[in-house]
Amino acid sequence: MALVTRGFSGRRRGGPPGRLPPGQYDVGDGFPVLSAGPVPRRHLDAWDFTVRGEIAEPRRWSWAEFQRLPHETTTVDIHCVTSWSKFDTTWSGVSLDLLLGDVPAEAEYVVAFCDGGYTTNLPLADVLGGKAWVVDGYAGKPLAPEHGGPARLLVPHLYFWKSAKWVRGIELSRTDRPGFWETFGYHNHGDPWQQQRYAGD
Ligand SMILES: Nc1nc2c(c(=O)[nH]1)N[C@H]1C(S)=C(S)[C@@H](COP(=O)(O)O)O[C@H]1N2
Ligand SMILES: [Mo]
C-alpha cells in the first residue's frame with residue numbers, strides 16, 4: 001500500500017512521475033557547462049563534418065553544405081551523469097540517419113570525434129532510428145560555443161557525455177573502441193534509466 005496519499009506530496013520538481021531517471025534531479029532553468037578542456041574555436045570556413053571508417057565512400061559536408069541539409073527540431077530531456085537533468089530542451093539539427101546513409105552491415109559501432117580531441121563511442125543502433133542528431137541550434141538560436149557550437153552530437157536517451165560537443169565527424173567501426181570518458185572509467189553504454197554511470201554499473 002502506498003504510504004503517501006496522492007496530493008500530499010506537494011508540487012514536486014521533476015515533472016510528471018517517471019520522467020526523472022533514478023539518482024537525477026531537475027536543474028530547472030539552468031544549463032550547466034561541462035567541458036574537459038577549453039572551448040575550441042574554429043572558423044566556419046575551416047569546419048566540415050566527415051563520416052569515415054567502415055564505409056565504401058567517406059562522406060563530407062562543408063559548413064555551407066551542412067546548413068542546406070534538412071534540419072529537424074526536437075524537444076527532449078537530457079541527463080548528465082553528474083546527476084542534473086534538464087527537461088524540454090529544444091534543438092535543431094540533422095538526423096544521424098541522414099548523415100550516415102547506407103551503412104555496411106559490418107559497421108556495428110561508431111566513435112564521434114571532435115575539435116579539441118574528445119571522443120565518445122556508441123553502438124550504431126543507438127544513433128540510428130531517429131535517436132541522434134548533429135545539432136547546430138538550441139532554443140531557436142545558433143548553438144553557443146560553450147555548449148558545443150558550431151555543432152554537437154545529441155543523443156538524449158544516453159547520459160549527456162555521449163553528446164559530444166564541437167563534433168567534426170563519425171567514424172564507423174567493426175569493433176567497439178572506448179572514447180575519452182569511457183577510457184577513464186565511465187560506463188561504456190551510459191543508459192540513465194539503468195544508471196549506467198561507471199564501468200561495472
Ligand atoms: N567535446 C566535448 N564534448 C563533451 C564534453 C567535453 O568535455 N568535450 N563533455 C561531455 C559531458 S561530460 C557533458 S555532461 C556534456 C555537457 O554539455 P553542456 O556543457 O552543453 O552542458 O557534454 C559532453 N560533451
Ligand atoms: Mo557529464
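A polar contact is a pair of N or O atoms within 3.5 Å. In this predicted model, one such pair joins His 147 to ligand 1, where a polar side-chain atom of the histidine lies 2.6 Å from an oxygen atom of the ligand. The briefing covers the surroundings of ligand 1 and then the cysteines.

**Polar contacts of ligand 1**
- Ala 36 contributes through its backbone, with an N or O atom placed 2.6 Å from an oxygen atom of ligand 1.
- Ser 163 also takes part through a polar backbone atom, which is 3.2 Å from a nitrogen atom of ligand 1.
- On its own, ligand 1 has 530 Å² of accessible area, and the protein covers 96% of that area.

**Site and shell of ligand 1**
- Ligand 1 occupies the largest pocket.
- The residues around ligand 1 number 20, and those that come nearest are Pro 32, Ala 36, His 147, Arg 152 and Lys 165.
- By residue class, the shell around ligand 1 consists of 14 nonpolar, three polar and three charged residues.

**Cysteines and disulfides**
- A disulfide is a covalent bond between the sulfur atoms of two cysteines.
- Zero disulfides are found in a search of the whole structure.
- For Cys 114, the closest cysteine sulfur belongs to Cys 80 and is 16 Å away, so the two sulfurs are too far apart for a bond, given that a disulfide requires sulfur atoms within 2.5 Å.
- Cys 80 counts as buried because its relative accessibility is 8%, under the 20% limit.
- Cys 114 is likewise buried, with a relative accessible area of 10%.

Conventions
Residues are numbered from 1 along each chain as its sequence is written. Chains are lettered from A and ligands numbered from 1 in the order in which they are written. This is a predicted model: local features need pLDDT of at least 70, side-chain atom pairs count only at pLDDT 80 or more; totals for chains, interfaces and linings use all residues. Side-chain values use heavy atoms; hydrogens and water are left out. A residue is near a molecule or strand if one of its heavy atoms lies within 4 Å of it. A polar contact is a pair of N or O atoms within 3.5 Å; within protein, one must be able to donate a hydrogen and the other to accept it, and residues adjacent in sequence count only if both atoms are side-chain atoms. Accessible areas come from the Shrake-Rupley method with a 1.4 Å probe; for residues, only the protein chains shown count as cover. On a 1 Å grid over the protein atoms alone, a cavity is a set of points where a 1.4 Å probe fits but cannot get out, and a pocket is an open set with protein on both sides within 12 Å along at least five of seven lines; lining residues have an atom within 4 Å of a point. A molecule sits in a cavity or pocket if more than half of its atoms lie within 2 Å of its grid points. Ala, Val, Leu, Ile, Met, Phe, Trp, Tyr, Cys and Pro count as nonpolar, Asp, Glu, Lys and Arg as charged, and the others, Gly among them, as polar. Buried means under 20% relative accessible area, exposed over 50%, partly exposed in between (1.4 Å probe, protein chains only).
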